[in-house]
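Here are a few notes to read alongside the structure. I have kept them short and numbered, so you can look up each spot as you go.

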Amino acid sequence: MKLSQKMSRLGTETAFRVLAKAQALEAKGIDVIHLEIGEPDFDTPPNICQAATKALSEGQTHYCNSQGIVPLRVEIAKQIEGTRGVAVDPNHVVVTPGAKPIMFYSILALLEEGDEAIYPNPLFPIYESMINFSGAKAVPIPLKEELDFRLDVDELKSKITPRTRLIILNSPHNPTGGMLEERDIRAIAALAQEHDIIVLSDEIYENIYYDEKPLSIASLPGMLDRTILLSGFSKTYAMTGWRLGYAVLPPELVSAVVGLIVNSVSCTSVFSQYAGIEALTGPQDSVPKMVEEFKKRRDLIVDGLNAIPGISCHKPRGAFYVFPNVKKLGMDCQQLADYLLNEAGVATLAGTDFGKYGEGYLRLSYATSQENLEKALERIEKAVAKFAR
Ligand SMILES: Cc1ncc(COP(=O)(O)O)c(C=O)c1O
């Protein structure tokens, strides 16, 4: 069958492929430690589950407003107002099945052939995939370990052309755990305003940070109306399987994105949205507890990796990933990831799964127990001992 030409430009997210490979090994009786998949290993807090059950028992089982039910949009607007310090109109909030469709919809709505989009590389791979799919030119900014994986603002400035329509930010960042500093964000906001560029700020890890709180570019004067602020429930409330995310959009983008929702999924599951209201308005104690545990695991895995000859690892400031440098092991990172899965029973992702500038690194998710992390470290150390130079 002949597929459309644009399908050849669509990328993917390899974490799901590696998960399937790891599960195939498990089906053969091989023990695998999962450090590949990016989701909290905690259960969704019970109050949130109860809110969904209540909604189901009250008949919330139908289609609903494509943009998201009004009471949830009102709570999201309040939440953004409280955390970003800017007034948000619930009519500019759009709710989607997970935050991921926001990438798809807003890039499709904004970009076309001849446009350019600047994004950090490595990055969550769907961004590059969607820019390419839209026909626009993907303009990567390589993230450098020596900058703690922050984006180099001078380099970004040098890549802006009259065709630049979009800059993508993600802080805290997947896959490196890096975070932008306030001066970076202020400089990027000034560039966006000067050159009339839209910013897509992926803030899905907004609550998972270990020192200072990440600054949202949307909170800077004049930025809300040119920012696609993407966030959601998956990471903060351990709700990956509920498929519930949202964006606050520039007013001109709202009806375009809602149009794409109507053309694809119609609306987001309504009982998930009631659970979302409870997540935002109910007790918040599960969040700092989860982050405290992530911090212990981060310290454990960073120290453990740095103790392995041939591997060095920066301390991430947010999210739940480490991005160790494995260049001294002398093989490309995809080979190493395959080797660790097949020979050591540790599932990781190659840095290149997040873009070509990820070569020389692995991504490990530490959203698993300390016991599993200790076991994984032992296995990795043993498996790479013969390669360390
Ligand atoms: C940077 C980033 N943005 C967005 C998402 C998607 O989140 P959701 O599960 O809500 O679609 C992820 C998931 O891993 C992510 O890492």
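1. A word on labels before anything else: helices (H or I, at least four residues) and strands (E, at least two) are DSSP runs, numbered from the N terminus. Please also keep in mind that this is a predicted model.

2. With those labels in hand, have a look at proline 122, which lies in the loop between strand 3 (116–121) and helix 5 (126–134). The peptide bond leading into this proline from asparagine 121 is cis, and its omega is near 10°.

3. There is another cis peptide bond to check, the one that joins asparagine 174 and proline 175, with omega about 20°. Proline 175 is placed in the loop between strand 5 (164–170) and helix 7 (182–194). Asparagine 174 is also worth remembering for the next point, as Asn174 is among the closest residues to the ligand.

4. Now to the ligand itself. Where does the ligand sit? You will find the ligand in the largest pocket. Around the ligand there are 13 residues, and besides Asn174 the closest include Asp202, Tyr205, Ser234 and Lys235. By type, this shell is made up of five nonpolar, four polar and four charged residues.

5. Which atoms of the protein lie by the oxygen atoms of the ligand? From the side chain of serine 234, an N or O atom is 2.6 Å from a ligand oxygen. Lysine 235 has a polar side-chain atom that lies 2.6 Å from an oxygen atom of the ligand. Alanine 99 takes part through its backbone, with an N or O atom 2.9 Å from a ligand oxygen. On its own the ligand has 400 Å² of accessible area, and the protein covers 94% of this.

6. Arginine 243 deserves a glance for its backbone: its phi is positive, about 55°, although this residue is not a glycine. You can find arginine 243 in the loop between strand 7 (227–232) and strand 8 (245–248).

7. Finally, further along the chain, three strands form an open sheet in the order 9-12-11, with antiparallel pairing. Strand 9 (321–322) and strand 11 (349–350) are the edge strands, each pairing on one side only. Strand 9 and strand 12 (residues 362–365) run antiparallel and are joined by two bridges. To see one partnership in detail, start at valine 322, whose bridge partner in strand 12 is leucine 364.

Note on methods:
Residues numbered from 1 in each chain as written. Predicted model: local features only at pLDDT ≥ 70, side-chain atom pairs only at ≥ 80, totals over all residues. Heavy atoms only, no water. Near = heavy atom within 4 Å. Polar contact = N/O pair within 3.5 Å; in protein donor to acceptor, adjacent residues only side chain to side chain. Areas by Shrake-Rupley, 256 points an atom, 1.4 Å probe, with all protein chains shown as cover. 1 Å grid on protein atoms, 1.4 Å probe; cavity = no way out; pocket = protein on both sides within 12 Å on 5 of 7 lines; lining within 4 Å. Sits in = over half its atoms within 2 Å of the grid points. Nonpolar A, V, L, I, M, F, W, Y, C, P; charged D, E, K, R; others polar. Pairing = 2+ DSSP bridges.
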